[in-house]
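Open the model in your viewer and keep the selection box handy. This tour goes stop by stop, saying what to select and what is there.

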Amino acid sequence: MQYSESAASVDQTGMATVREYALIASRNKWIIMGAVALSLTLAWSYLLIAPKYYQSQALIVAEGRKGIDDVINNGEGSEKNFEKRLFLIQKQIISQDFLDAITKELDVRSDGSDGQGELAGWGELASMAKVERAMIDPAGGKTSQNLVDGFVVSFLHRDPNTAMQVTARMVDKFIQENNREREKEVEGTGEFLDEELRLLKRELEKREESISQFKKTHLGDLPQQADTNLRALDRAEGEITTATESLQRHSDKLDALHQAVQLYRTSGQQSFVTTRSMEPDPLFRHLKELREKLVKLRAEFWDGYPEIILTKEEIRQTEEELTNLYGRDAIRPDKTPPLDPYLQDLLKQQNEERTEITLLRQRLDQLRTTKRDLEKRLDRSPAVEQELLVLERDYNNMKTNYAMLLDKRLHTRVEENIEKRQKGGKYRILDRANLPRVPAIPNSTRVLVLGFLFGCILGAGLSVVRERLTPQFRGPEDVELLLAGPRLLAAIPDFSLLWRTAGDPGYFQNAALPRPSLGITMRSRSEVELNKQPLPERQNLHEIDRRFVAKMFPRSMAAEQYRVAAARLQLLNTTGAPIVVAVTSAIKGEGKTTTVINLGYTLSRDFGRRVLVLDCDFVYPELTAFLESPVRYGLIDCLRSDIPLQQAMSSFTDVPCWIMPAGESVANSNDLLRAGQLNRVLSQLREEFDYILLNAPPILPVATMNVLESHSDLLLLVVRANLTSKQAVKQALGSLRADRPIHVVLNGVASSSLPSYMLDYAVSESRIAV
């Protein structure tokens, strides 16, 4: 059947460190209390003798309307801007000119007196004045939710009235100077913006003129005319093609007419070239009539007569026209007869084709020139476009700046009117300077709390120093390092917390072992009936001692370590003969009685050994607390008389383990051990038991252990962790001068000082129990 008490043992691990420090504090409680009392006394004395300084405060908030700041800063980074303004406000208020004026105005004295002493200097006032960011909760920290757009102006002074007056005057003076600066700032901003607008407007006009001149200079090369130029180029190429084809047709026709004229003049044959008319040209008849008219006029009038002049001019024009059509031979006056109408028509067509060819060639030259010009424009278009983009970009940027400045100037005019009609529009006094009633320095609560904390720290430090100066055993490694000679038999953990759950149902369950067949009679009690009884009824049979962990908590880590000690003790008994083990300690209260009863019970229950636990501590006999039934006699009675040893023993009902109490103490109890009677008793007991465990008295207080060591085969020294000093253990071992082995049981070890494998094993056992 599995047991659940190991789970309670594992629970000690989390409290091990706290318990260890609690033990240190309990051992040094008077040192800690004295240090705290001393620190509080010093703190209270400081409060009584320290000079008192009073602090007056005033709250100034920034209005929600930012006004000219929005014009200048464009409303960006308000939180960061307020931090910058607060820094400048701090420098302004603690400046020398600002504070010197207040000092002279209010007659502030350095010693707090009224009209006496020297005037307070600037450095002293600057150290007493303070400007801080206003917060909703002073203890909430400088978070964005806790900060407000405002600041607190405070002043420290030994006179509360002076502190209030200086704070009020600082606030009023700041508001007045701020109003003046605001008005100057607004006016200066307006003038600055006007000047900038004039300069920017002049520069803007220059840029507009440059762009206009550039467009005029590069007319036809502008980017927006590129499509038009492309279409014009396409048209020019089409017209060039058409003109070239027309020129070719007219050239062919001219060649045909020339051949027809030559053929007709040489052979008189008419060619296939179509003539338009066979009639003589009317111009010949008209020329003839004009000539006849000129003859008649000359006969009547002189050559300068106007009509004669007009007739001559008309004859010249007609001849020129005929010459252009038929050649110069056609108008000779002596030529008779006139041209043949067919030849006349051929010559006329030939002349017309020549004229048409000339016009087509001129048109073709113009079209080619136009094409080259359009191609050059298209080639120059990207460069012109880039130059125009630069000009327009600069112009647009300047135009945007001009619009922004113009908008700011409009806002500035509005702000000027607001500043003139509303004073203190930027900052407002929300909470005026108060009259302080309680001194701010020294802070009584803070001084007392710091005094208490300092006392606690001082007491803790002194306790640690004291623990270091008086070293104690804390873990198994201390025994192995400082006591090189003795061997560590086992490290028993502190099991005082196991009794927290001792009232749980089914917690106390004892494993049954066969009884030894000895001459000593053991009490007969049914183990099943005992386990079925509830805890209150079992406690009525006998009082259960809380130190009996091997019996009450057999699955605990402490009981397991007692099994380790019992196993190692058996390994030390190489011969297998009955062995007498003296269990002692350096001083009282180290747990030797607890060790001897648990070790003896474990040897009997887990290893089936016949064990007798013999109480040899006549001064403080404690084994009677573990008796299941009272006995009349004890060891002292057996030493004084021939009382049967069986009558001085009490056995356990479940294991072959007996207890022989010390009996009634007499004046010469220790002398009985020296008289040789103990050797007689031990000789008889060796015949009945495998192990005889002597609960010896401490080594240092009494000399009994020096007698018992001569009767013992093995010495077992119990050391209490975190209690026994190392010096006491060394002194006790030195006083024994024993030539037999000495082994150590370290008792009451904190879980934090135990090896990790022991804790892991305890955790595994607790899981099995569950």
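Select helix α13, residues 444-469. In this predicted model, helix α13 gives the most to a nonpolar surface patch, with four residues. Now show the whole patch as sticks: Leu-40, Val-449, Leu-450, Phe-452 and Leu-453. Together they make about 420 Å² of nonpolar surface.

Which helix holds Leu-40? Select residues 29-49 and you have the helix, α3. Leu-40 is partly exposed, at 31% relative accessible area. That value qualifies Leu-40 for the patch, because patch residues need over 30%.

**The whole chain**

Zoom out and color by secondary structure. The chain has 25 helices and twelve strands. Of its 770 residues, 43% are buried. The accessible surface is about 42,100 Å², and carbon and sulfur atoms account for 53% of that. Next, turn on contacts. Count those between residues at least 6 apart in sequence: 80% of them join residues at least 24 apart.

**Strand β3 and its partners**

Select residues 147-157, strand β3. Is this strand mostly covered or mostly open? Mostly covered: nine of its eleven residues are buried.

Add strand β1, residues 54-62. β1 and β3 are antiparallel, paired over eight bridges. For one bridge, pick Gln-57, whose partner in β3 is Ser-154.

Now add strand β2, residues 129-135. β2 also runs antiparallel to β3, and six bridges join the two. Label Val-131 and look across to Val-153 in β3, which stands opposite.

**Salt bridges**

Switch to side chains. How many salt bridges does the structure hold? There are 21. Visit a few of them.

Start with Lys-371 and Glu-237, whose side chains meet at 3.9 Å, N to O. Lys-371 sits in helix α12 (residues 341-421) and Glu-237 in helix α9 (residues 226-267), so this pair ties together parts 134 residues apart in sequence. Check the surface around both ends. Lys-371 is partly exposed at 26% relative accessible area. Glu-237 is also partly exposed, at 33%.

Move on to Glu-628 and Lys-551, a salt bridge of 3.7 Å, N to O. This pair too links distant parts of the chain, 77 residues apart. Glu-628 is in the loop between β7 (611-615) and α20 (635-640), while Lys-551 is in helix α17 (residues 549-552). Are these ends buried or exposed? Glu-628 is buried, with a relative accessible area of 13%. Lys-551 is buried as well, at 7%.

Stay in the loop between β7 and α20 and select Asp-617. Asp-617 forms a salt bridge with Lys-592, their closest N and O atoms 3.1 Å apart. Lys-592 belongs to helix α19 (residues 592-607), and the two residues are 25 apart in the chain. Asp-617 counts as buried at 4% relative accessibility. Lys-592 is buried too, at 7%.

Before leaving the salt bridges, show Glu-203, Arg-207, Arg-393 and Asp-394 together. Salt bridges with shared partners join these four into one network.

**Asp-654**

Go back to Lys-551 and add Asp-654. Their side chains make a polar contact of 3.3 Å. Lys-551 therefore has two acidic residues to inspect in your view: Glu-628, through the salt bridge, and Asp-654, through the polar contact, which falls within 3.5 Å.

What else does the side chain of Asp-654 touch? Select Tyr-601: a polar contact of 2.6 Å joins the two side chains. Asp-654 lies in the loop between β8 (650-651) and β9 (657-660). Asp-654 counts as buried, at 7% relative accessibility.

**Last stop: helix α6**

Select residues 96-106, helix α6, and label Asp-100 within it. Asp-100 is partly exposed, with 23% relative accessible area. Finish with a distance: pick the C-alpha atoms of Asp-100 and Leu-125. They are separated by 8.8 Å, with the residues 25 apart along the chain.

Methods:
Residues numbered from 1 in each chain as written. Predicted model: local features only at pLDDT ≥ 70, side-chain atom pairs only at ≥ 80, totals over all residues. Heavy atoms only, no water. Patch = residues over 30% accessible without salt bridge, like charges linked within 9 Å, V, L, I, M, F, W, Y side chains within 5 Å. Areas by Shrake-Rupley, 256 points an atom, 1.4 Å probe, with all protein chains shown as cover. Buried < 20%, exposed > 50% of the residue type's maximum accessible area, 1.4 Å probe, protein only. Contact = heavy atoms within 4.5 Å. Pairing = 2+ DSSP bridges. Polar contact = N/O pair within 3.5 Å; in protein donor to acceptor, adjacent residues only side chain to side chain.
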